[in-house]
Amino acid sequence: GAIPATVAIVNGKIMVGLSEDEIKLLGDAIVSKPIKTSRRDMPYVVSNKLNGGTTVCGTLIVAHKAGLPIFATGGIGGVHRGAHKTFDISADLLELGKCSVAVISSGVKSILDIPKTLEYLETQGVFVATFGDTNEFPAFYSRISGSKAPYCVETAMKAASIIKCNRNLDMRSGMLFAVPVPVEYAIDPETMNHVIEEALREVKDIALIKNNAKTAADIAVALAELELVEEKFSARGKRVDSNSLEDLKGRP
Amino acid sequence: GAIPATVAIVNGKIMVGLSEDEIKLLGDAIVSKPIKTSRRDMPYVVSNKLNGGTTVCGTLIVAHKAGLPIFATGGIGGVHRGAHKTFDISADLLELGKCSVAVISSGVKSILDIPKTLEYLETQGVFVATFGDTNEFPAFYSRISGSKAPYCVETAMKAASIIKCNRNLDMRSGMLFAVPVPVEYAIDPETMNHVIEEALREVKDIALIKNNAKTAADIAVALAELELVEEKFSARGKRVDSNSLEDLKGRP
Amino acid sequence: GAIPATVAIVNGKIMVGLSEDEIKLLGDAIVSKPIKTSRRDMPYVVSNKLNGGTTVCGTLIVAHKAGLPIFATGGIGGVHRGAHKTFDISADLLELGKCSVAVISSGVKSILDIPKTLEYLETQGVFVATFGDTNEFPAFYSRISGSKAPYCVETAMKAASIIKCNRNLDMRSGMLFAVPVPVEYAIDPETMNHVIEEALREVKDIALIKNNAKTAADIAVALAELELVEEKFSARGKRVDSNSLEDLKGRP
């Protein structure tokens, strides 16, 4: 099986894999005051020995440096509605165009502009596929967004094979696999347009991220079977902490 | 003289230089089902052992990895009209900003937004010049677009000297030389706004690409004379096939 | 103390540090015909042995290659007003996303669209901070723009520590420190909307760039104290000239 490792910054140290105490610390926002850490924030948070949860962009940077081929998250950032006037576009999209890492997510939150986000990812050269039996691109809580992914990948082994290929070709650009939320947790698009209770959302969020983590683990195991990253994965499970991402290279 | 090498993907293998059988195979779209392969498509096409014709973006990636300094094409992709609302921008433009390769083309198809395309290329740091005696930027079938290129380069030797310089400086960004369609094949801009018969277009397309290939060959020969890539060009004419672009480095 | 080195292109040679004769030559625009040199222009200017003043983008490229961690300038380029329709966006912003160099400037000229420029820098992953006691982002002649920087850094030593961290982490993206124009030279925003006399502006420009250069020097000294670039700085003050940026690596 695959051994998951949480990425975060603790007292200015970039961590791949957290202890229980560290998870507790970050969970207590009043004490740890964690900063949402994207590319631009990383030198500030590390330099000032602060705590930080990494955005998809931040996690991509750490995963790339640490040689991790895959990670799971909820939804990625995207092009905001009205971005043609505000220029509000998540750094996640640009980083996906630069790092050879596969992100397993539930697509893009419907609060964002999904068609523009998919166009932006195409311009950046990011491979985008749904995972399952339809190329309908999912919108986080909803299995339907009205947009189509360019590709649909049916099995973990097929996904692993494409990821392996992306790395073998040294493409230096990332991949997005969008896993539709399981039917039992899906919200129909109409409901999406109403305010959703916080409590309800939290339960669903956890279910959804668990499902993505399971899919990521399946693909990671398939990838290991393809022997690509065998050596790297054998070292998994060790905790890594370092001020220097360089030191992370080749670690779990 | 220069020896041209067609770039394509055959049964999941990236090829620089095709055999006659392979050209026939790719020509028969019903049998080969070629996928238009840009950056985002490459790992999918290679992983699934499919056939693919490469876009300018895809060809840039292969040429860059193979150390080819120049290639010829028809028109490059660009910013689509209405892109400020749709975000529909070709990955060709971003790749031109990343690969030290010179593309010899007939400019940008007039169906695209040429002023926005030129602005986008400037932001990406791409050297853009017309080839000939005017800096009027050509629009594929037409010698006139109403937009100006920032530079005009008159001779193959001058173009070769700039390309050599771009490589010596290790700029890691590309160059676009726009060759106006020869007068005898040009269409006046008014006609451009009418539907053009498919048959007519095909004849013109071939004439136009032949002219670009000739210009590219002239510049390649001049570049070889400048001794920059002498060693690399001496190996030209050999066929290369490989699953790994890494293996292509320094080849033909 | 820090020894400043002016970046320019003289007769096609990229220079870090100019002689008095060279400064005189470039100052006489009628004789030297200097070309404003951004990324896209560099191979043309060098290849044709022309003279050029480098834009922020051009200076970033040279500084990055030469291993210089910091430079001072007036204002950086940005997103032009109306850019959502014209796509007119300075190559400075993209280059800031690619080079591990800190730029000390007076922010962005108010003729540009400052909120869009800050959004664009965020997407590119550029660390942006004001230098001083407020995170109000300055607009060149004015201390007030109405936009806020994501961070505020109070001292040269703190700035140096963040720059050191950015380099240690091998982030490969740049940093913008915006220094508000000193109060005695500031223009209130209302006046900004009127035409400013050329003569007045020139005096102010010099005062403003001097202040940025002083701040850059303070940070450079603090950085040297942090021992990060000690070795590199010890070689400072030597003049460098070279056709090849590669040769510049590790020099002053």
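**A parallel sheet and its surroundings in a three-fold assembly**

In chain C, strand β7 (residues 127–131) and strand β9 (residues 175–178) run parallel to each other and are joined by 4 bridges. Within this pairing, C:Val128 stands opposite C:Leu176 of β9(C), and C:Thr130 is placed opposite C:Ala178 of the β9(C) strand. The model is a predicted one, and the values reported here are computed from its atoms.

Strand β9(C) is also joined to β6(C), again through 4 bridges and with the two strands running parallel; here C:Ala102 has C:Met175 of β9(C) as its bridge partner. The side chains of β9(C) are divided between two directions, with C:Met175 and C:Phe177 pointing one way and C:Leu176 and C:Ala178 the other way, and all of these residues are buried. C:Leu176 and C:Ala178, which point together from β9(C), are thus described twice, since C:Leu176 is the residue opposite C:Val128 and C:Ala178 the residue opposite C:Thr130.

These pairings belong to an open sheet of 5 strands in chain C, which follow the order β5-β6-β9-β7-β8 with parallel pairing. The edges of the sheet are formed by β5 (70–72) and β8 (151–153) of chain C, each of which pairs on one side only. From one strand to the next, the twist averages 25 degrees. Helix α4 (residues 56–66) of chain C packs on this sheet, where it touches β5 and β6 (102–105) of chain C, and the direction of the helix makes about 150 degrees with that of β5(C).

In chain B, helix α4 (residues 56–66) has 10 of its 11 residues buried, and the helix is therefore largely enclosed by the rest of the structure. The buried residues of α4(B) include B:Val56, B:Cys57, B:Leu60, B:Ile61 and B:Val62, together with B:Lys65. At the N-terminal end of α4(B), B:Thr55 acts as a cap, with a side-chain oxygen that lies 3.3 Å from the backbone nitrogen of B:Cys57. Just after α4(B), B:Gly67 adopts a positive phi of about 75 degrees.

For chain A, the secondary structure comes to 12 helices and 10 strands, and buried residues make up 57% of the 252 residues of the chain. Among the contacts in chain A between residues at least 6 apart in sequence, 68% join residues at least 24 apart. The area exposed by chain A is about 10,800 Å², of which carbon and sulfur atoms supply 52%. A local example in chain A is provided by A:Thr117, which has its place in helix α7 (residues 114–123). Because its relative accessibility is 1%, under the 20% limit, A:Thr117 counts as buried. Apart from neighbours within four places in sequence, A:Thr117 is in contact with A:Gly78, A:Val79, A:Leu93 and A:Val108.

With regard to the arrangement of the chains, chain A is superposed on chain C by a rotation of 120 degrees with 0.0 Å of shift along the axis, at an RMSD of 0.0 Å. This is the relation of a three-fold axis. The copies use different surfaces, in that 11% of the contact residues of chain A recur in chain C. Of the residues of chain A, A:His84 comes closest to the rotation axis, with its C-alpha at 3.5 Å.

Technical notes. Residues numbered from 1 in each chain as written. Chains lettered and ligands numbered in written order. Predicted model: local features only at pLDDT ≥ 70, side-chain atom pairs only at ≥ 80, totals over all residues. Heavy atoms only, no water. Pairing = 2+ DSSP bridges. Axes fitted to C-alpha atoms, helices over the stretch in contact; angles between N-to-C directions. Contact = heavy atoms within 4.5 Å. Least-squares fit on C-alpha atoms with pLDDT ≥ 70 in both. Buried < 20%, exposed > 50% of the residue type's maximum accessible area, 1.4 Å probe, protein only. Areas by Shrake-Rupley, 256 points an atom, 1.4 Å probe, with all protein chains shown as cover. Polar contact = N/O pair within 3.5 Å; in protein donor to acceptor, adjacent residues only side chain to side chain.
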